[in-house]
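Please open the model in your viewer and keep the selection tool handy. We will go from stop to stop, picking something new each time.

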Amino acid sequence: MKHPVGLHARPSVKLTKLAKSFGCRIEMAQQAAGPWIDAKSIVKVMAMKAPRDTTLHFRAEGDGAADAVDALSELVQRNFDEDHADAPAP
Amino acid sequence: MTSSNVGIVIVSHSKDVARGAAEMVRQMVGPEVPLAHCGGDPGGGLGTSVESIMAAIAEAWSDKGVAVLVDLGGAETNSEMAVELLPAAQRDRVVICNAPIVEGAVMAATESSAGSSLGAVRSTAEELYAGSMVR
């Protein structure tokens with residue numbers, strides 16, 4: 001994750017909204033060993049406070065699981081579509 | 001006209017706080033959540049009014065219900081009064097969240113944007129006090 005402010009407010013909202021668009025169970029972690037949290041929980045995602053240069057791990061189970069992991073990884077790699085953002089998120 | 005997502009109402013003593021919180025919800029979450037805000041007394045000072053809270057609830061109305069975020073004392077008691085004055089069919093579908101007004105509004109709206117139930121929207125907003133974010 002290269003976003004300058006890390007997984008802060010706006011990126012967290014985007015990530016959670018995307019995760020919620022899939023029916024499968026989706027979890028994420030800052031380390032492969034966990035702890036894993038529900039990627040559909042905005043409160044838990046924001047509470048991670050994952051800083052810049054964190055490698056985010058995703059895992060999913062159920063319908064569309066592979067697509068979900070792909071879509072979330074792409075969102076992170078696209079810098080949450082916020083390359084233009086100049087001000088840090090609140 | 002009604003949305004398939006739970007509506008969010010922001011009630012602050014300050015018109016500017018209410019407007020600013022609503023702006024954060026709009027920019028961070030998006031247009032798919034019915035949203036209304038009110039704050040300040042009719043004379044331009046600080047305060048809340050039952051009438052404007054009722055108007056805001058009507059503006060953000062959704063058949064899935066409305067979650068209200070408030071700041072201090074009077075915002076809560078006036079919101080409770082506004083809910084009591086609603087028609088019985090609507091009254092049961094409005095909840096006042098025990099959550100910080102700005103953060104709670106963003107959390108609630110994020111939950112609502114996924115089509116979640118009123119109960120889930122309220123739980124997400126209230127999870128803030130139980131969690132680490134505000135500590």
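Start by selecting helix 6 of chain B, residues 118-130, in this predicted model. What do its buried residues pack against? Colour helix 2 (42-48) of chain A and you have the partner from the other chain; within chain B, the buried residues pack against strand 3 (66-70), strand 4 (94-97) and helix 5 (101-113). To see the side chains involved, show Leu118(B), Val121(B), Arg122(B), Thr124(B), Ala125(B) and Leu128(B), which are the buried residues here. A helix of this kind has 3.6 residues a turn, so residues three or four places apart point the same way. If you try the distance tool, go from the first C-alpha of helix 6 of chain B to its last: the 13 residues reach 19 Å, close to the 18 Å expected at 1.5 Å a residue.

Next, stay in chain B and select strand 2, residues 35-39. Is this strand mostly covered or open? It is mostly covered, with 5 of its 5 residues buried. Turn on the side chains: Leu35(B), His37(B) and Gly39(B) point one way, while Ala36(B) and Cys38(B) point the other. Now add strand 1 of chain B (residues 7-12), which runs parallel to strand 2 and is joined to it by 5 bridges. One pair to click on is Ile10(B) and its bridge partner His37(B). Follow the backbone from strand 1 through helix 1 (residues 15-28) to strand 2 of chain B, and you have traced a right-handed β-α-β crossover.

Just past that strand, select Gly40(B), in the loop that leads from strand 2 to helix 2 (50-59) of chain B. Gly40(B) counts as buried because it has 20 C-beta neighbours inside 10 Å. Where does Lys15(B) lie? Although 25 residues away along the chain, its C-alpha is 4.9 Å from that of Gly40(B). Other residues that Gly40(B) touches include Ser14(B), Gly45(B) and Leu46(B).

For the last stop, move to chain A and select its open sheet, where 3 strands lie in the order 2-1-3 with antiparallel pairing. Strand 2 (37-38) and strand 3 (57-61) of chain A are at the edges with a single partner strand each, so one side of each has no neighbour in the sheet. Between strand 1 (residues 25-29) and strand 2 of chain A there are 2 bridges, and Glu27(A) has Asp38(A) as its bridge partner. Finish with helix 3 (residues 65-77) of chain A, which packs on the sheet and touches strand 1 and strand 3. Its direction makes about 155° with that of strand 3 of chain A.

Definitions and conventions:
Residues numbered from 1 in each chain as written. Chains lettered and ligands numbered in written order. Predicted model: local features only at pLDDT ≥ 70, side-chain atom pairs only at ≥ 80, totals over all residues. Helix = DSSP H or I, 4+ residues; strand = E, 2+ residues; numbered from the N terminus. Buried ≥ 20, exposed ≤ 12 C-beta atoms within 10 Å, placed from the backbone. Contact = placed C-beta atoms within 7 Å. Pairing = 2+ DSSP bridges. Right-handed = clockwise from strand over helix to strand, strands pointing away. Axes fitted to C-alpha atoms, helices over the stretch in contact; angles between N-to-C directions. Expected span 1.5 Å × (residues − 1).
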